[in-house]
Amino acid sequence: MELDGLPASGALYRRALLGVVPGVGGRRGGDVPGLELTVGGVSVDQRHLADYDRVCGFRLTDRLPATYLHVLGFPLSLRLMTSPGFPIPLTGVVHVANRITVHRPVEVGERVDFHTYAENLRPHERGRQLDVVLVGSIDGEEVWRGVSTYLGKERASGGGPRRDRADRPEPPAFSAQWRVTPRVGTDYARVSGDHNPIHTSKLGARLFGFPRPIAHGMWSKARCLAALEPRLPEAYTVDVAFKLPVPLPSTVAFSASPNGAGWDFALHSARDGRPHLTGSVR
C-alpha cells in the first residue's frame, strides 16, 4: 500500500490507546500481516535534524546520523503496527533489539523512499516477539535498513528460549558517564514522534509496571553512536540489545572497546553496574 505522505503519529497513538479498551479494539491476528507500506520522497527538515542532533549528542552536520533515518521513517512503521490484525498491541510493547545497516551516508537534501513490513513472529518466554523492518532507498538504491525487534508480553507465553539467568559479569571500565534527566524522555519524544507514555509520564509509566518514566531505547542507542561518531566508517552495521530500562533520572556509564575493524560498546548503571544496553559496530 503506497501512502501519499507520512502519517501523523499523534492520531496513531490515539488509535493504539483505543485498541486496549474492551469492546473497542479489534482482534489481534495470529500471524504477521501480509501488508507492506511505502511512502516516497521524504525530505529532511534541517531544523528538526539539528534539534535531534542536540538531544542525542551528535555533531551538527549535513550528514544524517544512522539513527535519524529510524526517526524519519518511524511514522510509517507506527502505521503498520497500529493496523487491524497486527499481532502485538502497540501499547505496552517492549523494544528489545535494533539493528541498523548503513550502506552509504545520506546527506541533507536527498529525498528518501521508505517501505516497511513485519516478519518472523516467534514465541518468547514472556510472550511473542517479531521484527519490524524499515528500508530507506534513494533513486531505487537501498541506502539504509533498520530491523526493530518488539516483544509483546502475554500472560500465557508461547514458550521459546529462556534467558540465561547466570550471574551478571562485571561491567567493563567506563569511558564516560552521562546524567540522564527526565527532559530526555520528553525531548526525545518531541524529536522522534514516539510519545509512548512510559517515557514521558509518571502515571503512564506506573500503568505499565515502571516506578518512574524510562528513557527511549533508541535515544540510548543514538547517544552511544554519538560518542563513537568520529570513529564510524562510511558503511557499517550497528546492532544493539536493550537490557534493563534506563530510569529517569539516573546516571549511566558508557564503555567502548575496539574489536577488529569495529567496536563493542555498552551502557550500564553508574550506581550498581546493571546493564542497560550492549552493542557492536561492524
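## Strand pairs and surface patches

In the hairpin of strand 9 and strand 10, two residues sit between the strands, and glycine 260 takes a positive phi near 65 degrees. Bear in mind as you look around that this is a predicted model.

Let's stay with that hairpin for a moment. Strand 9 covers residues 250–259 and pairs with strand 10 in the antiparallel sense, over eight bridges. If you would like a landmark, find serine 255: its bridge partner in strand 10 is alanine 266.

How many residues of strand 10 are buried? Seven of the eight are, so to speak of strand 10 (residues 262–269) as mostly covered is fair. On pairing, strand 10 also meets strand 11 (residues 275–281), again antiparallel, with six bridges between them. Here tryptophan 263 has valine 281 of strand 11 as its bridge partner. Strand 10 and strand 11 form a hairpin too, with five residues between them. Glycine 273 in that turn has a positive phi of about 80 degrees.

Now over to strand 4, residues 112–124, which runs antiparallel to strand 2 (residues 37–42) and is joined to it by four bridges. Within this pairing, threonine 38 has histidine 115 of strand 4 as its bridge partner. Strand 4 is also joined to strand 5 (residues 127–138), antiparallel once more, by 10 bridges. Threonine 116 stands opposite leucine 134 of strand 5, and the two strands form a hairpin with two residues between them.

Here are the strand pairs side by side:

| Strands | Sense | Bridges |
|---|---|---|
| Strand 2 and strand 4 | antiparallel | four |
| Strand 4 and strand 5 | antiparallel | 10 |
| Strand 9 and strand 10 | antiparallel | eight |
| Strand 10 and strand 11 | antiparallel | six |

Finally, a look at the surface. Leu203, Leu207 and Phe208 make a nonpolar surface patch of about 330 Å². Leucine 207 belongs to helix 5, residues 202–207. Why does leucine 207 count as exposed? Its relative accessibility is 65%, and exposed means over 50%.

There is also a patch of negative charge on the surface, where Glu2, Asp4, Asp113 and Asp139 gather. Glutamate 2 lies in strand 1 (residues 2–3). Glutamate 2 counts as exposed because its relative accessibility is 65%.

Methods:
Residues are numbered from 1 along each chain as its sequence is written. This is a predicted model: local features need pLDDT of at least 70, side-chain atom pairs count only at pLDDT 80 or more; totals for chains, interfaces and linings use all residues. Side-chain values use heavy atoms; hydrogens and water are left out. Two strands pair if DSSP finds at least two bridges between them. Buried means under 20% relative accessible area, exposed over 50%, partly exposed in between (1.4 Å probe, protein chains only). Patches are made of residues with over 30% relative accessible area and no salt bridge: like charges are joined within 9 Å, nonpolar side chains (Val, Leu, Ile, Met, Phe, Trp, Tyr) within 5 Å. Accessible areas come from the Shrake-Rupley method with a 1.4 Å probe; for residues, only the protein chains shown count as cover. A salt bridge is a side-chain nitrogen of Lys or Arg within 4 Å of a carboxyl oxygen of Asp or Glu. Lys and Arg count as positive and Asp and Glu as negative; His and the chain ends are not counted. The place of a charge is taken as NZ of Lys, CZ of Arg, CG of Asp or CD of Glu.
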